[in-house]
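Here is a short report on how the parts of one model fit together. It moves from domains to a helix pair, a sheet and a chain contact.

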Amino acid sequence: MTIQADSIRKAFPILSRTVNKRPLVYFDNAATTQKPQVVMDRLMHYYSYENSNIHRGAHFLSQQATEAYESARATIRAFIHARHNHEVIFTRGTTEAINLVAYSYTKKFVKPGDEVLISAMEHHSNIVPWQIACQELNARLKVIPMNERGELDMEAYAKLLTGKTRIVALTHVSNALGTVNPLKEIIRQAHNMDIPVLIDGAQAIPHMAVDVQDLDCDFYCFSGHKMYGPMGVGVLYGKEEWLNQMPPYQGGGEMIREVTFSGTTYNELPFKFEAGTPNVADVLGMESAVKFISHLGHEHIAAHENALLEYALSQMEQLDQIRFIGTASQRTSVISFLFKDIHPYDTGTILDKLGVAVRTGHHCAQPIMDFFEIPGTVRVSLAIYNTKKEVDILIEALKKVREMFG
Amino acid sequence: MTSISDKEQEVVNEFELFDDWMDKYNYIIELGKSLPPIDEKHKEDKYLINGCQARVWLHARMEDGKVVFLADSDALITKGIVALLIRVLSGHVPQEIIHADMTFIDEIGLKEHLSQTRSNGLLNMIKQMKLYALAFSKTSAK
């Protein structure tokens with residue numbers, strides 16, 4: 001089966017709408033993807049027929065909802081090939097997953113003078129939680145540099161791993177540059193020194209098969225809404241040996257075993273990290289999105305998106321004076337660029353008028369923009385439903401931009 | 001002397017002549033290009049209006065009891081809208097600026113540029129222009 005974007009598009013109702021009286025061309029998939037009907041149907045079905053609080057009631061609906069929720073956990077375990085269901089923790093999204101580890105892991109394992117290692121291409125959500133933790137614990141935040149192409153400096157990385165390094169936190173795919181990082185090598189080197197590695201997988205999971213055992217990462221975080229699922233739900237995968245040693249992140253119902261006023265004993269994994277009533281409906285919606293992706297097949301998704309990426313790059317290169325920001329040899333689905341000396345905001349505004357949705361600005365990765373000494377970029381990010389025809393519309397729209405700002 | 005609301009109406013009338021969005025934006029871009037450059041010393045960060053994407057610098061001074069605004073932006077569309085704001089507000093007494101309703105932005109169909117998501121600082125720009133006026137009204141009242 002090869003991906004027929006035209007038939008896939010029918011599964012996404014929003015793609016048939018118009019914007020500014022033109023057919024919508026949606027190229028802001030790295031911000032959030034659109035949702036197929038099956039995901040929306042799943043949410044409606046849950047609230048229409050299954051809604052009940054889980055893990056508590058002895059009644060029929062509660063049991064059914066609990067089973068559905070735990071079955072979603074199993075689906076996601078299989079999707080990322082985790083060893084155990086209880087290594088899959090549901091969160092509000094990637095940001096919360098990273099914050100959870102930045103809080104709980106550092107609280108237990110980081111001492112004053114220790115170091116946390118991140119990279120120069122991180123999204124703010126994989127910078128700020130570590131900064132907060134380091135400030136709190138008097139630890140130091142170290143940064144792996146990158147080169148002009150937007151690739152990590154692996155020699156520098158090897159030197160930055162020291163006896164003081166307590167964790168490496170790194171993105172799988174850069175949201176602003178599209179770089180795919182060589183995770184296996186990075187993880188292998190860290191593990192040689194018994195340092196665990198957290199991966200921000202938000203931008204990778206919709207585009208490529210992720211096998212957490214094969215990667216051997218210690219934590220892997222991703223969001224439902226960037227993989228055709230609902231907003232407000234995500235996953236923290238963590239190896240059980242780490243999760244078991246870490247203190248809870250939030251207190252509340254569900255995460256306890258026994259509570260008295262003199263003290264509380266905590267529940268086992270995964271519940272220890274899922275305080276309060278979970279977002280059941282959106283977890284089920286995310287499960288539908290996972291099934292949707294699995295049905296298409298990651299190899300077909302990657303083949304379609306990579307072909308489209310190459311087509312878009314080749315067409316854009318023919319435009320005069322286009323500067324690509326991020327030209328890593330290993331990249332996926334993201335094209336960040338500047339067009340002539342036109343400000344990204346100006347380009348984005350006119351593209352929007354022409355029905356083309358792109359992201360402009362610093363993409364929540366200001367250090368990357370500082371590195372390239374630019375105010376921001378225009379970012380085109382692709383998904384399975386994008387077509388060559390849409391790329392052609394983009395190219396025509398960019399020609400119009402050039403005409404207007406000439 | 002023309003009032004702020006007269007000037008607002010003037011701009012609205014001008015924009016009614018445009019048949020489509022592209023003519024309108026071409027005009028705004030022209031306005032942006034023709035806005036006189038400001039002194040480099042006023043392009044310091046302390047004159048920067050907070051806004052995520054396009055940078056906007058704003059400076060103001062009093063001349064004969066009227067506030068004169070100078071501004072610049074690194075994005076041309078933003079600069080064009082800034083030029084409109086200056087055209088409407090510059091050269092008026094502080095009290096008139098403070099009470100200007102600025103509905104013309106909406107009437108000429110540029111409201112989207114004032115929304116939070118655009119993060120282009122224009123909303124803060126208007127706020128800052130009014131704050132300058134307020135500050136000048138306090139100093140001149142002394």
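In this predicted model, the centres of domain 1 and domain 2 of chain A, taken over C-alpha atoms, are 28 Å apart. Domain 1 of chain A covers 5-31 + 297-405, and domain 2 of chain A covers 40-294. Their contact draws 25 residues from domain 1 of chain A and 22 residues from domain 2 of chain A.

On the domain 1 side, four elements of chain A supply at least two residues each: helix 11 (298-317), strand 14 (334-339), helix 13 (366-372) and strand 17 (377-381). Helix 11 of chain A gives the largest share, four residues.

Next, a helix pair. The axes of helix 3 (residues 60-80) and helix 10 (residues 280-296) of chain A come within 9 Å and cross at roughly 40°. That crossing angle makes helix 3 of chain A oblique to helix 10 of chain A. The crossing is left-handed. Helix 3 of chain A contributes A:A65, A:A68, A:Y69, A:A72, A:T75, A:I76 and A:F79. They meet A:V280, A:V283, A:L284, A:E287, A:V290, A:K291 and A:S294 of helix 10 of chain A.

The residue classes at three contacts are set out below.

| Set of residues | Nonpolar | Polar | Charged |
|---|---|---|---|
| Side of domain 1 of chain A that touches domain 2 of chain A | 13 residues | nine residues | three residues |
| Contact of helix 3 with helix 10 of chain A | ten residues | two residues | two residues |
| Side of chain A that touches chain B | five residues | five residues | two residues |

Now the sheet. Four strands of chain A form an open sheet in the order 13-14-17-16, with antiparallel pairing. Strand 13 (322-324) and strand 16 of chain A are at the edges; each has a single partner strand, so one side of each lacks a neighbour in the sheet. The twist averages 30° from one strand to the next. Strand 16 and strand 17 of chain A run antiparallel and are joined by three bridges. A:G361 stands opposite A:T377 in strand 17 of chain A.

Helix 12 of chain A lies across strand 14, strand 16 and strand 17 of chain A. Helix 12 runs at about 160° to strand 16 of chain A.

Which residues face the other chain? Twelve residues of chain A are in contact with 14 residues of chain B. Helix 12 (344-353), strand 16 (359-361) and helix 14 (388-405) of chain A each give two or more residues to this side. Helix 12 of chain A supplies the largest share, five residues.

Technical notes
Residues numbered from 1 in each chain as written. Chains lettered and ligands numbered in written order. Predicted model: local features only at pLDDT ≥ 70, side-chain atom pairs only at ≥ 80, totals over all residues. Contact = placed C-beta atoms within 7 Å. Nonpolar A, V, L, I, M, F, W, Y, C, P; charged D, E, K, R; others polar. Axes fitted to C-alpha atoms, helices over the stretch in contact; angles between N-to-C directions. Parallel < 35°, antiparallel > 145°, perpendicular 65-115°, else oblique. Left-handed = near helix turned anticlockwise from the far one by under 90°. Domains from an automatic or database assignment. Pairing = 2+ DSSP bridges.
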